[in-house]
Amino acid sequence: MLAGKHILLIIGGGIAAFKSLDLIRRLRERGAVVTPVLTRAAEEFVTPLSVSALAGSKVFRDLFDLGDEAEMGHIQLSRVADLVVVAPATADLMAKMAGGLANDLASTLLLATDTPVMIVPAMNVRMWEHAATQRNLATLLGDGIAVVGPNKGDMACGEHGPGRMSEPMEIVAAIEAKLADGPLKGRRILVTSGPTHEPIDPVRYIANRSSGAQGTALARALAALGAEVVFVTGPADVPPPDGVEVIAVQTAQQMKEAVEAALPADAAVFAAAVADWRVSSASDRKLKKTKDGLPVLEFAENPDILHGVSQMKQGRPPLVVGFAAETNDVLENATAKRLRKGCDWIVANDVSPATGIMGGAENAVTLISDAGAEEWPRMGKDAVAQKLAARIASAINT
Ligand code: C5P
């Protein structure tokens with residue numbers, strides 16, 4: 001899929017730079033042409049010789065190198081690629097990008113480029129969580145820059161948490177999704193997925209058995225067709241797919257806000273199992289056993305996100321798709337639900353325990369639109385996702 005694609009790979013100065021050597025190999029195995037750029041700090045972690053040998057290319061290092069400028073000026077260098085990838089993207093590089101600084105070759109290329117940019121952050125967990133880095137991240141996302149990772153885990157500095165650079169194959173998948181020339185190229189699609197968690201107190205919550213598997217498979221399938229996917233997910237069992245913009249939320253209220261912030265979109269698919277109710281009497285302290293009897297929980301209705309988006313007067317996505325998980329009278333309930341919510345399609349499925357669908361690997365769905373109901377045979381959730389993504393592509397493109 002990457003044959004002939006040109007990647008300008010900017011390697012920042014962090015311990016994760018060693019993974020970028022493997023990334024270069026993986027990209028070249030897939031036919032990509034890699035032009036490497038090293039920051040000064042990166043040279044402390046990997047040598048220009050090993051980068052050059054693996055990339056099979058000259059390494060660009062200096063903004064004021066007369067030889068380089070004569071061969072290929074830095075402005076030209078910033079424009080030759082199909083994609084500029086910054087891996088690892090250090091806190092410093094992210095700050096420079098967000099501020100528009102251009103005081104070395106890497107930052108100058110990033111300011112001068114007119115091709116899409118993807119960053120793969122890697123840094124100490126405190127640096128990642130620092131308000132300044134999060135502010136810069138929000139700026140970069142707002143500028144349309146794709147962000148891959150970081151992952152959670154043990155870090156070279158001995159701490160634990162988010163900040164580990166994504167693995168080379170995760171980065172390759174994200175690059176492939178970004179450069180995919182599918183029927184959804186240039187289309188922005190919103191997908192909600194997973195359950196929501198509604199707190200009872202700081203340690204307890206109400207949830208449901210949604211694993212997020214179907215929504216995740218769908219987001220992956222849409223990205224594979226070239227879509228720019230915004231994936232708003234509750235706390236799911238399965239990890240989010242690579243190559244999509246992940247917005248992680250806990251509650252229905254947060255999901256609603258994330259969905260509204262993610263619009264406009266060419267299509268929106270609501271695969272999340274949103275809790276219908278939240279605990280309005282949620283306590284900010286852990287509830288204790290008392291002699292005065294059992295706690296009484298009071299509930300309030302959650303916003304219906306699908307209904308709200310379907311009814312938007314302005315900026316409604318041209319295609320709005322809901323899911324209907326039913327345990328009985330599936331067709332009847334789902335048909336009524338489509339009209340009640342005002343969405344264009346409903347993907348209905350039977351989640352009664354005997355089917356093994358909720359949390360399982362397979363799904364049997366009926367697609368309900370104004371053309372009627374279409375029953376699909378039972379198949380893997382990935383296959384359902386691919387079929388649905390193809391239908392979405394043809395609906396959007398006609
Ligand atoms: O009403 P019900 O929960 O059965 O409808 C299911 C559909 O509505 C799903 O597409 C789900 O993602 C969406 N939904 C929502 N917000 C809610 C409840 C459901 O977006 N509060």
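Biologist: Where is aspartate 329 found?

Modeller: Aspartate 329 is in the loop between β16 and α13; helices (H or I, at least four residues) and strands (E, at least two) are DSSP runs, numbered from the N terminus. This is a predicted model, in which local features need pLDDT of at least 70 and side-chain atom pairs count only at pLDDT 80 or more, while totals for chains, interfaces and linings use all residues. Residues are numbered from 1 along each chain as its sequence is written, and side-chain values use heavy atoms, with hydrogens and water left out.

Biologist: Why is aspartate 329 called partly exposed?

Modeller: Its relative accessibility is 47%. Buried means under 20% relative accessible area and exposed over 50%, with partly exposed in between (1.4 Å probe, protein chains only). Aspartate 329 therefore counts as partly exposed. Its phi is near 40°, a positive value in a residue other than glycine.

Biologist: Why is serine 310 called buried?

Modeller: Serine 310 has a relative accessible area of 5%, which is under the 20% limit, and so it is buried. Its place is in helix α12. Leaving aside neighbours within four places in sequence, serine 310 is in contact (heavy atoms within 4.5 Å) with Arg316, Val320, Lys341, Gly342 and Cys343.

Biologist: What makes the pair between lysine 337 and the ligand a polar contact?

Modeller: An N or O atom in the side chain of lysine 337 is 2.3 Å from an oxygen atom of the ligand. A polar contact is a pair of N or O atoms within 3.5 Å; within protein, one must be able to donate a hydrogen and the other to accept it, and residues adjacent in sequence count only if both atoms are side-chain atoms. The lysine 337 pair therefore qualifies. Backbone atoms also take part: a polar backbone atom of alanine 272 is 2.6 Å from a ligand oxygen, and a backbone N or O atom of leucine 306 lies 2.9 Å from one.

Biologist: How much of the ligand's accessible area does the protein cover?

Modeller: The protein covers 88% of the 440 Å² that the ligand has on its own, by the Shrake-Rupley method with a 1.4 Å probe; for residues, only the protein chains shown count as cover.

Biologist: Which residues are around the ligand?

Modeller: Among them are Phe270, Asp276, Gly322 and Lys341; a residue is near a molecule or strand if one of its heavy atoms lies within 4 Å of it.

Biologist: Where is the cis peptide bond that involves proline 88?

Modeller: The cis bond runs from alanine 87 to proline 88, with omega near -5°, and proline 88 lies in strand β3 (residues 83–89).
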